[in-house]
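The exercises below are meant to be worked through with the sequence and the model side by side. Read each task, try it on the structure, and then follow the solution step by step.

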Amino acid sequence: MSSRILGPKMARSEALCSQALLEASERPLERPLVEPGDVKTQFVTREGTYRLMTLSEYSRPNRVGYQPQGQTPPQVRVSLVTLSDQGDRICFNHGRELYVYVYKGIKKAADLSKPLDKKVYKGTNPTCHDFNVTTATSESVSLLIGFSTGQIQLIDPVKKELSKLFNEERLIDKSRVTCLRWVPGNKSLFLAAHASGQLYVYNEELPCGSITPHYQPFKVGDEFTINTCKTKSTRNPLFRWILGTGAAINELAFNPNGTHLATVSQDGVLRVFQYDSIELLGIARSYFGGLLCVAWSGDGKLIAAGGEDDLVTIWSLEQKRVIARAQGHHSWVSAVAFDWVLEGESYYRIGSVGHDTQLCLWELPEEALSPPRQRVKKRIDPLQLVGTLSCPRLDECPLLEPLVCKKIAHERLTALIFRSDCIITACQDGYVYTWARPQN
C-alpha cells in the first residue's frame, strides 16, 4: 500500500488509520492473492463466462510501446459516444498521441489502419478527454481534450473542421488538466479540473480573456470557495471552484441526470455537491492517501470511489454516509464503475481496476442500503476522522470481498467501462480490451 501526506488536519488521523488497518488485519479474511504469471483471458460469474475478444483490441497501429523521457506518461483513458445510425466512436490517449476510431465492439474486428482521427502533440501530452453526448450526431461530435500543460482543445473528429483552444496561454491555470466533463444535457458548458486543486466552468461558445483573470467571491462553503470572473464582458472561465486546501482534483462524475456532482481529490476526500445550487451535500474520506477515481450507480443512489488505500469506498446519497468498503486490490485503484446492466436485481455490481493489473467485481446487496442501528460512540478527539460517518472503521461497515479478482494485463490498468454487451478495459501500455458478456 502507498500513502501520502494529507496535510495538517489529517496528520493526527494517521495513527488511527494505521490502527484501523491493523485491527482489520487481525481478523481472518479470505482475501485473494494476486495471481502470478498468467494473464487471464476469461472469468466466470453467476451469469456465465466473460471472454476477451482478441480481435476487438484497440491500440496504436504500429503497436510500438511508448517510451517516456524523464517522466511518467499520463494515464491511458477511454471515452465513448454513440452516434445515431452510425454506431460508436472510441477515443484513447497514449503518450503524446490521441486516437479516435469507429468502435465495433464484439461484432467485428478492429481496423487499426484506419483511425478516424490521429493527433501527435509536441511539448505536451493529452491527459483526459470527453465526448459531448448531448450534441453528438452522425455528422458532428464535439470532443474535449485536456493536456499536461493546462490547455484544453475542442475538436470534431467527424467533421474535422472544428478546433478551439481554451487556456491557450495558460493564463487561467498552468497545472495539468486532470479531468474534463460536459455538463449533462447542456450543449456548451463543461467542467475542467486541474492538479492545482481548482475546477473551472467553461462555455465553449465564449472566448478566454487576454490577461490573467481577476476573480470576485460568489459563494463560500465548508472547505470550498466559488469565484466568478471580474470582467466587463462575459468570458471564460465562468466560475472557479477551489476545493479544500488545494490538493489536486483527480476525477469528476455527474449523476445520470446531471443534478449532482462528485469530486475526488489528492487530499483523500470525496465531495458530493448539488450542482445547480452549489451545495455541499456530504463527504467521505479514504483511510489514507488520495482518492483517484469516482463513479455513480445508474439509479443515482450510490457513489463508488477508489484510491491509494487500495480500497473501493461506497457512499449513499440518501444516508450521506459510507455504507461499505470493498477490499481486494493490492495496489492503487485507478478506475471504478457500476455495472448498470445488472441493476434492478437484488444487488449492485461494482467493478474496479488497479495498478496491480487486476479486475475486481463486487456485489453489494440491497439490504446494505438500510440505515444501521445507532451505536453510541465516544468522541474524545474532535479532530478524529477515522470512526466518523465519513470514514468509519473497518469493523463499523460491511467489508466486501470480491466476487471476481483476476489479473488481466501486464501493465497497470487505467480504465473500466460497462456496456450492454461487453466490458471495456485499458492498460498503461496503450491497449484497449473488450470482454464479451455471457451469451445468455
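The accessible surface of the chain comes to about 19,700 Å², and 50% of that surface belongs to carbon and sulfur atoms. The model is a predicted one, and its chain has 440 residues, of which 56% count as buried.

**Exercise 1. The chain as a whole**

Task: Find how many helices and strands the chain has, and what share of its contacts between residues at least 6 apart in sequence joins residues at least 24 apart.

Solution. Begin with the secondary structure, which comes to two helices and 32 strands. Then turn to the contacts between residues at least 6 apart in sequence, where 57% join residues at least 24 apart.

**Exercise 2. A sheet and its edges**

Task: Work out in which order the strands of the open sheet that includes strand 23 follow one another, and which of them are the edge strands.

Solution. The sheet is built from five strands in the order 21-22-23-24-28, and its pairing is mixed. Strand 21 (291–296) and strand 28 (399–400) are the edge strands, since each pairs on one side only. Moving inward from strand 21, one finds five bridges to strand 22, with the two strands running antiparallel, and within this pairing V294 has A305 of strand 22 as its bridge partner. Strand 22 (residues 302–307) is in turn joined to strand 23 by five bridges, again in an antiparallel arrangement, and here G306 stands opposite V312. Strand 23 continues the pattern with six bridges to strand 24 (residues 321–327), also antiparallel, where S316 is partnered by R321.

**Exercise 3. Two hairpins and a covered strand**

Task: Identify which residue takes a positive phi in each of the hairpins on either side of strand 23, and decide whether the residues of strand 23 are buried or exposed.

Solution. In the hairpin of strand 22 and strand 23, three residues lie between the strands, and D310 takes a positive phi near 70°. In the hairpin of strand 23 and strand 24 there are four residues between the strands, and K320 takes a positive phi near 55°. For the second part, look along strand 23 (residues 311–316), where six of its six residues are buried. In a regular strand the side chains alternate between the two faces of the sheet. Sorting the residues by side gives L311, T313 and W315 on one and V312, I314 and S316 on the other, and with all of them buried, both faces of strand 23 are covered.

**Exercise 4. The surroundings of a glycine**

Task: Locate G307 and list what it touches, not counting residues up to four places away in sequence.

Solution. G307 lies in strand 22. Its relative accessibility is 0%, and because buried means under 20%, G307 counts as buried. The residues it touches are G290, L291, L292, W332 and V333. A further distance brings in S334, which is 27 residues away from G307 in sequence while the two C-alpha atoms are 6.5 Å apart.

**Exercise 5. Rings and charges**

Task: Explain why the pair of Y99 and Y101 is stacked, and find which residues have their charged side chains over the rings of Y215 and Y287.

Solution. The structure holds 19 aromatic pairs. In the pair of Y99 and Y101 the ring centres are 6.2 Å apart and the planes stand at 15°, so the pair is stacked. Both rings belong to buried residues, with 1% relative accessibility for Y99 and likewise 1% for Y101. Another stacked pair is that of F190 and Y202, at 5.0 Å from centre to centre with 5° between the planes. This pair connects strand 12 (residues 189–194), which holds F190, with strand 13 (residues 198–203), which holds Y202. Relative accessibility is 0% for F190 and 0% for Y202, and both count as buried. Ring pairs also link Y58, F92, Y99, Y101 and Y103 into a cluster. As for the charges, the charged end of R240 sits over the ring of Y215, 3.9 Å from its centre, and R325 lies over the face of Y287, at 4.4 Å from the ring centre.

**Exercise 6. Looking for disulfides**

Task: Determine how many disulfides the structure has, and where the nearest cysteine sulfur to C397 is.

Solution. A search of the whole structure gives zero disulfides. For C397, the nearest cysteine sulfur is that of C391, 8.9 Å away, and C397 is in no disulfide. C397 counts as buried at 9% relative accessibility, and C405 counts as buried at 10%.

Key: Residues numbered from 1 in each chain as written. Predicted model: local features only at pLDDT ≥ 70, side-chain atom pairs only at ≥ 80, totals over all residues. Heavy atoms only, no water. Phe/Tyr/Trp six-rings, centres within 6.5 Å; stacked < 30°, edge-to-face > 60°. Buried < 20%, exposed > 50% of the residue type's maximum accessible area, 1.4 Å probe, protein only. Lys NZ or Arg CZ within 6 Å of the ring centre and 35° of its normal. Pairing = 2+ DSSP bridges. Disulfide = S-S within 2.5 Å. Contact = heavy atoms within 4.5 Å. Areas by Shrake-Rupley, 256 points an atom, 1.4 Å probe, with all protein chains shown as cover.
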